[in-house]
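Ready for some practice in reading a protein fold? Keep the picture in view and work through the exercises below one at a time.

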Amino acid sequence: MTDTSSVSIDEVRALVAERHRFDEWLIALVPYARPGTDALPDAMTPWLDSHHVFLLANHGVTALGTSIESAVHRLESCEQAARILLGAALLGGAQSLPPGEADALRQSVLSPVVVHPESTA
């Protein structure tokens, strides 16, 4: 069976944004390059200054971060988004959020949590 459907990178970002607190980072879709040769790092070079996560065609995913923890967090976020998208595909396809909803969710996730005094009594 050949599936010709695809998922936009914006849908991946929106799913990641809904589930995790993170600073702004971008995902690059890197074309296939032969492993073990200079072709693979060369294929990533155009995105190194502007992206933090790299989906390597026919290879997998890799990430950059200011620490090992932040790079691992980015990888785990992408893996979780992939699981969600796979599950959605098996159930008939991912449903896009209404316009502006991903931004609203991102803002609510990144906003400080306010604890009302009466809720702690």
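The protein has four helices and three strands; helices (H or I, at least four residues) and strands (E, at least two) are DSSP runs, numbered from the N terminus. This is a predicted model, in which local features need pLDDT of at least 70, side-chain atom pairs count only at pLDDT 80 or more, and totals for chains, interfaces and linings use all residues. Residues are numbered from 1 along each chain as its sequence is written, and side-chain values use heavy atoms, leaving out hydrogens and water.

**Exercise 1.** Write down the order of the elements from the N terminus on.

*Solution.* Walking along the chain, you should get α-β-α-β-β-α-α.

**Exercise 2.** Do strands E1 and E2 run parallel or antiparallel? Describe what they build with helix H2.

*Solution.* Step 1: find E1 at residues 27-30 and E2 at residues 53-56. Step 2: four bridges join these strands, which run parallel; strands pair if DSSP finds at least two bridges between them. Step 3: check one pair, Ala28 with its bridge partner Phe54 in E2. Step 4: add H2, residues 39-44, and you have a right-handed β-α-β unit. Right-handed means that, with the strands pointing away from the viewer, the path from the first strand over the helix to the second runs clockwise.

**Exercise 3.** Trace the hairpin of E2 and E3.

*Solution.* Step 1: E3 covers residues 60-63, and four bridges join E2 to this antiparallel partner. Step 2: Val53 has Ala63 as its bridge partner, while Leu56 stands opposite Gly60. Step 3: three residues lie between the strands, and Asn58 in the turn has a positive phi of about 65°.
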